[in-house]
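User: Hi! I am new to protein structures and would like to learn how to read one. Could you walk me through this example?

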Amino acid sequence: MFKYLSGFFLFLVTSLNITAQPVASPKIKVLLLGSIHFTPSTQDVYKNKTVDVQDEKRQVQIKQMLTQLSRFSPNQICIEVPTQNQSKVDSQYHRYLNGQYKLGTHEVDQIAYPLAKQLGLPTLTCINYKGAFDPDPVNEYAKANNQEDILASLEKFASSTIAGVIAVQQKQSISELYRFINSNDELTKNAAIYSDFLVRIGQGDKYPGTDLVAGWYNTNLHIYTNILRAIHPGDKAIMVLFGYGHIPILKHLFESNPKFEVIDVNDVLKE
C-alpha cells in the first residue's frame, strides 16, 4: 500500500511542479519600417528623388499607408530624431494635436505624427544616435594604395541600387515603394556596401575600411540600445521608422533577441 501511496505522492509532486512552471511572456512585436528621406539629406552620397508630399495623389497614397500601419497598433512609434530632442518633439507633437503645428515634408511629419495621432499615442519616441562616419580617409587610402578599383565597383553598385529605388518611387505608390525598399533583396544590397565593398579597403595591418564599417555598426548598436531603453512594461508592439540603410543591422539585432518578434513589412503593408 505504501508503495502505491509513494507513487501517488510522486505523481502529485510532479504535477504540481509542471503547473508551477512560469508562463513565458509573449514576444514584443517589432515593425522595422525602413524609409527613404522624403526630402533627401545633403549628407547622403546616393539619394532618391524628393517626394512631393503636396501632390494630391501622394497624399492619398500616404493616407492609405497610414491605414495599413494603424492595423499593426504599435504602443510606441520610434523615430529618427536624436534622443536629446525628445522634449522638442513632445512639444511639437502636442501643438500638432491642438492644430497649432503644420506638418512638414519630412517622413516623420508625414507618417509618424499622423499615425501616432490616429492611434491616440501620447507622443513619439526619439531614438537616434549620431555616431562618427567619415569616408574621406577610406577614399584617400584607396587612391593612394591602388585600390581605386574597389571604389569604382562600389560606385557602380550603389548607383545601380539607388536607380532601382528611384524607378519604383516614380512609378509606384508609397506603400509599394516601402515594400520594395524593405524587401530582403534591397536590404541585402544596402548592407553589401559595408560588408562587401568598404571592408576590403586596406592592406596588411591597415584596416581603414573595416574601421569605418565598425563605426557604422557602433552607431546602429547605440540606436538599438535606445530602443530597448524605451520599452515600457506592457508594450506589445513597437514601430521603428528609420532610414532603410540602418535596417539590416537593426533587424539582425532584434532577430537575435528572444524577447522580440520582427514583423515582415510585407505582412503589414498588404493590399
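**Reading helices, strands and buried residues**

Analyst: Happily! Let's start with a pair of helices: helix α6 (residues 148–171) and helix α8 (residues 184–197) pack at an angle of about 165 degrees, and their axes are 11 Å apart. Please keep in mind that this is a predicted model.

User: How do I read that angle: what are α6 and α8 relative to each other, roughly parallel or roughly antiparallel?

Analyst: The general idea is that angles over 145 degrees count as roughly antiparallel. The angle here is about 165 degrees, and therefore α6 and α8 are roughly antiparallel to each other. There is a handedness to read as well: α6 passes α8 in a left-handed crossing.

User: Which residues make the contact between α6 and α8?

Analyst: On the α6 side they are I150, S153, L154, F157, A158, T161 and V165. From α8 come E186, K189, A192, I193 and F197. Sorted by character, the residues of this contact are eight nonpolar, two polar and two charged.

User: Now the strands, please. What is the order of the strands in the sheet?

Analyst: Five strands form an open sheet in the order β3-β2-β4-β1-β5, and the pairing is parallel. At the edges are β3 and β5 (260–263), each of which pairs on one side only. On average, neighbouring strands of this sheet are turned by 35 degrees against each other, direction ignored.

User: How many bridges join β1 to β4?

Analyst: Strand β1 (residues 28–35) and strand β4 (residues 237–243) run parallel and are joined by seven bridges. To find one of them, look at V30, whose bridge partner in β4 is I238. Helices pack on this sheet too. Helix α4 (residues 107–119) touches β1, β2 and β4, and its direction makes about 150 degrees with that of β2. Helix α10 (residues 247–255) touches β1, β4 and β5, and its direction makes about 170 degrees with that of β1.

User: And how does β3 pair with strand β2?

Analyst: Strand β2 (residues 76–82) pairs with β3 in the parallel sense over three bridges. C78 is a good place to look, since C78 stands opposite T125 in β3.

User: Are the faces of β3 covered or exposed?

Analyst: Here is the general idea: side chains in a regular strand alternate between the two faces of the sheet. In strand β3 (residues 125–128), T125 and I127 are on one side, while C126 and N128 are on the other. These four residues are all buried, and both faces of β3 are covered.

User: What about a residue in a loop: is Q147 buried or exposed?

Analyst: A residue counts as buried under 20% relative accessible area. Q147 is found in the loop between α5 (136–144) and α6, and Q147 counts as buried because its relative accessibility is 8%. Setting aside residues up to four places away in sequence, Q147 touches Y141, A142, R200, I201, G202 and Q203.

User: Which residues is G209 in contact with?

Analyst: G209 lies in helix α9 (residues 208–230), and at 0% relative accessibility G209 counts as buried. Beyond its neighbours within four places in sequence, G209 is in contact with V138, L198, V199 and I201. Take V138: G209 and V138 are 71 residues apart in sequence, but 5.9 Å apart in space, C-alpha to C-alpha.

User: What does the chain as a whole have?

Analyst: The chain has 11 helices and five strands. Of its 271 residues, 44% are buried. Among contacts between residues at least 6 apart in sequence, 80% join residues at least 24 apart.

Technical notes: Residues are numbered from 1 along each chain as its sequence is written. This is a predicted model: local features need pLDDT of at least 70, side-chain atom pairs count only at pLDDT 80 or more; totals for chains, interfaces and linings use all residues. Side-chain values use heavy atoms; hydrogens and water are left out. Axes are lines fitted to C-alpha atoms, for helices over the stretch in contact, and angles run from 0 to 180 degrees between N-to-C directions. Helices (H or I, at least four residues) and strands (E, at least two) are DSSP runs, numbered from the N terminus. Angles under 35 degrees count as roughly parallel, over 145 as roughly antiparallel, 65 to 115 as roughly perpendicular and the rest as oblique. A crossing is left-handed if the near helix is turned anticlockwise from the far one by less than a right angle, and right-handed if clockwise. Contact means heavy atoms within 4.5 Å. Ala, Val, Leu, Ile, Met, Phe, Trp, Tyr, Cys and Pro count as nonpolar, Asp, Glu, Lys and Arg as charged, and the others, Gly among them, as polar. Buried means under 20% relative accessible area, exposed over 50%, partly exposed in between (1.4 Å probe, protein chains only). Two strands pair if DSSP finds at least two bridges between them.
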